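This report goes through a few local features of the model shown below, beginning with the contacts of one residue and moving on to a helix and a cavity.

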Amino acid sequence: MMTEQIFTNYRLQLPNQDIIGTLVVRDGVIADIQPGVVNQGMNGDGAYLMPGLVELHTDHLEKCMNPRPSAKWPLDAAATYHDRDLAAAGITTVCDAIAVGDISPTSIRYTQFGSMIDVICQRQEAGSFSVDHRLHLRCELAYDKVAEIADAYATHPYLSLISLMDHTPGQRQFVDVNKYREYYVVKHGVSEEVMDDFIRDRIRAQQEHAVTSRQALVAITQAHKIPLASHDDETLEHVHQAIQEGATIAEFPTTLHAAKEAHQNGLQVLMGGPNLILGGSHSGNVSAMELVELDIVDMISSDYVPHSLLHSVVLIAQHTGRPFYETMKLVTLNPAAAIGLDGDRGSLEIGKRADLLIMQSTVEKGSNSVPFIGSVFVKGCRVA
């Protein structure tokens with residue numbers, strides 16, 4: 001039996017324009033889009049109707065698993081909370097960023113990545129998630145087994161992205177070693193007394209394993225045609241290496257010149273919503289808004305705060321004066337295209353999935369930048 005939904009009197013955020021109009025959904029797919037208002041269906045009273053958000057890099061599941069350093073939440077419950085948080089934030093497609101390798105042998109990034117992947121895949125397969133979940137493997141190069149583990153998932157149907165991580169102190173995200181000390185003492189509870197040995201161990205592990213891990217991971221992505229992302233590029237050499245390796249995404253470049261070089265050479269530059277909302281990087285790196293003003297940001301990720309995704313593009317529209325239907329592509333069509341999903345989602349077009357977000361607030365300059373989400377739909381079914 002065919003189901004039909006009519007959304008009328010909405011500000012439809014189409015790929016190249018904003019119109020007051022009517023959108024029809026049949027069996028979870030956008031069936032028609034017309035300007036003007038009809039006398040049936042759901043009347044939006046001029047609210048924004050836009051595509052659901054597409055998130056490429058969030059480790060929010062980790063936060064749900066460890067809401068406090070000593071609190072270990074049941075994984076099944078944490079996955080449920082994570083999924084519901086994403087739906088409430090308007091995210092309808094997500095690449096869950098599962099880290100493989102970390103600073104401590106007891107970290108969940110060593111001990112629980114397998115069970116995290118399992119729960120995501122099992123729930124996605126069973127249809128028990130609200131939004132569409134996919135996998136992003138964050139591969140820490142200094143971990144000697146990272147390539148072996150990534151290879152085991154290389155043909156997994158939900159694997160959509162692999163990124164190359166190197167969080168060694170003294171370079172990339174942590175070029176300022178004092179910022180590295182601060183981050184790991186506060187967040188991970190590493191005592192000041194052992195930090196020197198800790199830093200020395202991290203540098204040694206990177207020197208021993210990073211080159212061979214990187215070569216093996218690049219070979220895996222090329223053999224299986226998996227999209228590859230560089231991470232925290234700091235120098236022109238970092239960017240050129242990523243290009244040579246076939247990367248198509250530059251996640252969170254840490255300097256202006258690295259971001260410019262990546263963008264000019266065709267890499268899709270992804271920056272963090274928290275950086276935009278807070279007015280800068282917590283690690284002292286380049287400001288995302290500075291890159292937005294130079295028009296060298298292609299995508300936004302919520303990183304560790306799901307609600308920052310929509311908030312950030314509203315803020316960008318207000319700050320720059322650009323049309324909202326343009327700025328929203330940073331969190332809809334562009335990320336969908338980066339992982340090959342733009343054929344069926346990421347924009348309001350006939351034939352695409354009815355992944356929809358209704359936003360009640362305005363994006364006019366001077367108004368509150370914190371958006372109010374009215375409702376969220378995945379394939380025509382309301383999930384928030």
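Which residues does asparagine 275 touch, not counting residues up to four places away in sequence? In this predicted model, the contacts of asparagine 275 under that condition are Gly280, Ser281, Val286, Ser287 and Ala288. Asparagine 275 has its place in helix H10, which covers residues 273-278, and because its relative accessibility is 11%, under the 20% cut-off, asparagine 275 counts as buried.

Helix H2, made up of the 14 residues 75-88, reaches 20 Å from its first C-alpha to its last, which is close to the 20 Å expected at 1.5 Å a residue. Its buried residues are Leu75, Ala78, Ala79, His82, Asp83, Leu86 and Ala87, and these buried residues of H2 pack against the helices and strands set out in the table.

| Element packed against by the buried residues of H2 | Residues |
|---|---|
| Strand E6 | 53-58 |
| Helix H1 | 60-65 |
| Strand E7 | 91-100 |
| Helix H4 | 113-126 |
| Strand E8 | 132-140 |
| Strand E15 | 373-378 |

Just after H2, glycine 90 takes a positive phi of about 85°.

As for enclosed space, the structure holds one cavity of 30 Å³ or more, and the largest cavity has a volume of about 50 Å³. The lining of the largest cavity consists of Pro51, Gly52, Val54, Thr92, Thr93, Arg345, Gly346, Ser347, Arg353 and Asp355, and the residues of this lining divide into two nonpolar, five polar and three charged.

Definitions and conventions. Residues numbered from 1 in each chain as written. Predicted model: local features only at pLDDT ≥ 70, side-chain atom pairs only at ≥ 80, totals over all residues. Heavy atoms only, no water. 1 Å grid on protein atoms, 1.4 Å probe; cavity = no way out; pocket = protein on both sides within 12 Å on 5 of 7 lines; lining within 4 Å. Points joined across faces, edges and corners; volume = space filled by probe spheres on them. Nonpolar A, V, L, I, M, F, W, Y, C, P; charged D, E, K, R; others polar. Helix = DSSP H or I, 4+ residues; strand = E, 2+ residues; numbered from the N terminus. Expected span 1.5 Å × (residues − 1). Buried < 20%, exposed > 50% of the residue type's maximum accessible area, 1.4 Å probe, protein only. Contact = heavy atoms within 4.5 Å.
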